[in-house]
Amino acid sequence: MLRRCVWTLFAASLCLAPALAAPVDAGPVEQGDAGSAAKPNVVWFMADDLGYGDVGAFGATAVPTPNIDALAARGMKFTDFYAGSTVCAPSRSVLMTGLHTGHTPIRGNARVPLADGYVTVAETLQDAGYRTGLFGKWGLGEPGTEGTPNKQGFDEFFGYLNQHHAHNYYPAFLYRNEEVVPQPNVVPEGAAGREPLFGVGYATKKGAYSAEVIHEEALQFVEDPAEGPFFLYYASTLPHANNEARRRPGGGSEVPGLQYDTETADRYLPDYGAFADRDDWDDATKGHAAMIALLDKQVGELVAKIDDLGLTESTLIIFTSDNGPHKESGHDLSQFDATGPLTGLKRTLTEGGIRVPTIACWPGHVPAGTTSDHVAYFGDFYATAADLAGTETPPGLDSISFAPTLRGDADRQEEHDHLYWEFYEQGSKQAVRMGNWKAIFRPLGSKTPALYDLSTDLAEQHDVAAEHPEIVARMIEIAAAEHVPDPQWKPSGKVSNPTGSKPKNQATR
C-alpha cells in the first residue's frame, strides 16, 4: 500500500439541546449513498479530559448530559473501556497506530511527530475507500514534519496541531491542513511564559471560541455530498483546561462569550449558561460545568445532523474520552464526581486515569439500551474499524476487533489475555489488567507491583499482592515482555530525539 499525503452561544437552560429521540426510520440514504451496513460511516467522537463519572449514563449528577445519555439509550454502553494512555498525545498515538504504550512511538506529551513508517487507522480506512477527516486536536506532529494529519491518512484537517496550542480556546489562528487560518483573537506572543509560538497561551482580546469554530467545520464535513463512506475523527478539546490561563480572571475554564466585538474583540463576557447563578461556585467551577454542557450540546447537534441526512443506520458513532478527568483549570473538583466509583485522575494509571466513559451507537446494528463489560481499549479501534470496512490491518498490532460485541454476538468476541500501559512522568509507572486483576508498577521495571482485584475493589484501595504471589509473578512477566524500550523515551519524561525515530516493529510499511 502506498502512503497518501492527503486526509456560540449555547442555551442558558439545563437542556442545552433536545435529547436524542429513539431510533427512527432513517429513510433513503442521501449524499451519494455515503456509508452502508456493509461498510458504515465511522465517527470517533473523543472528549478531552472527561471523566468516567462526568456523564449521566455513567452516574454523573453535577452536569446534565442529556444528549450523550440519549446516545447510550439508543446504543451500547461500555463499562470496561480504556484510553490508550493517561495523557493526551500517547493516548492519541495508541488510537492511531493500534499499538499500546509499550510499543507505540509517542509515549508522552512531548511534541514528537509520528514517524512516516507507521500505518495509521486513517490510512487503512483511506485505502479502503473512506473519505477521512480530523477536526479538533491532533497532537502527533508539527507543521512541516512527517507527522501532520495529511501525511498520516487524513484528507481533511481543521484545528490544532499541537496540544499546547490547544490549551487556548481563543487562539490567534487554527490550521486547515498545514495552512494557518487567522482567528479574531489577540494573543500576545509568548503569553504562556514558556512558549515562543504565537497563539499559545491566552487571549487578551476574544472574538471566536475555537470549539464552536471547529464544531461547524466537523458538521460541514458530514454534510459533504461526496460519494462513499466517511471516517470522522472528532477530537474535541472540551473540557480540557487552558492551563496558561488558570491564574487569570475566570481561571482555566474558558467558555464562549455572551458578548463580543467582532471588529476589535475587546469586549467579552463569559457565558456560564445554566450555571451562571450558582453563587456557591467560583467562575472556574461554573466554566468547567458549562464546558461539559457545551460538549453534550455538540454531541446532540452532530447526531441530529447525521439523522437529518438519512445516515442513521449507516453510521457508527463511538463517543469516549482521551483519558481521565483533570484538575488543571482551578475549578472545585469536589463539586464533580468526575471519576465515579474509580480512583485517580489524569496522569495516574489507577482506573480513574485510564478507564473512560464509552458509548457505541449504530441503530439497527448495535442493540439499543445495552451494556457491555467487554474489556477493550483505544488500540482495539484499529482492528474494529478495519473489520467493519472489510479490510485488513497491518501485522503486529496490539488490537482486537470488538465488532462482534457491537453486533450483539458476544459468543464470537475474542478477548485480550491482558491490557498494558506505561507512563514516563512522575518517575514512571506501568499497569497491567489481566481478567479482574490489576497490577500497578512504580517505577517502570519494578518487581514489587501493587495488585488489586477489580471484581471486589474497583476503587483500588486494597493491595493484595502479598496474598497472590503467583498472580504477581505473572504480572511481572507480562510487564517485562510488553515494554519495548525506545531510546527517545526516558523514565524522566524527557525526550532525547524530538524529531522522532523510525519505527522498529512490524506495524510499518
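A residue counts as buried when its relative accessible area is under 20%, and this cut-off is useful from the start in reading the predicted model shown above. Of the 509 residues of the protein, 63% fall into the buried class. The chain is arranged in nine helices and 18 strands, and the protein exposes about 17,800 Å², of which carbon and sulfur atoms supply 52%.

The aromatic rings offer a way into this structure. A pair of such rings is described by the distance of the centres together with the angle of the planes. The count for this protein comes to 23 aromatic pairs. One of them joins Phe81 and Phe402, whose rings meet edge-to-face, with 5.7 Å from centre to centre and 85° between the planes. This pair links distant parts of the chain, since Phe81 belongs to strand 3 (residues 81–82), whereas Phe402 lies in the loop between helix 7 (380–389) and helix 8 (403–406), 321 residues apart.

The cut-off given at the beginning can now be applied to both partners. Phe81 has a relative accessible area of 0%, and therefore it is buried; Phe402, with a relative accessible area of 1%, is buried as well. Both residues also belong to one aromatic cluster, whose members include Trp44, Phe78, Trp138, Phe154, Phe231, Tyr233, Phe378 and Phe381.

Other rings in the model have a charged group as their partner. The charged end of Lys77 sits over the ring of Phe58, at 5.2 Å from the ring centre, and in a second case the charged end of Arg131 sits over the ring of Phe221, 4.2 Å from its centre.

Definitions and conventions
Residues numbered from 1 in each chain as written. Predicted model: local features only at pLDDT ≥ 70, side-chain atom pairs only at ≥ 80, totals over all residues. Heavy atoms only, no water. Phe/Tyr/Trp six-rings, centres within 6.5 Å; stacked < 30°, edge-to-face > 60°. Helix = DSSP H or I, 4+ residues; strand = E, 2+ residues; numbered from the N terminus. Buried < 20%, exposed > 50% of the residue type's maximum accessible area, 1.4 Å probe, protein only. Lys NZ or Arg CZ within 6 Å of the ring centre and 35° of its normal. Areas by Shrake-Rupley, 256 points an atom, 1.4 Å probe, with all protein chains shown as cover.
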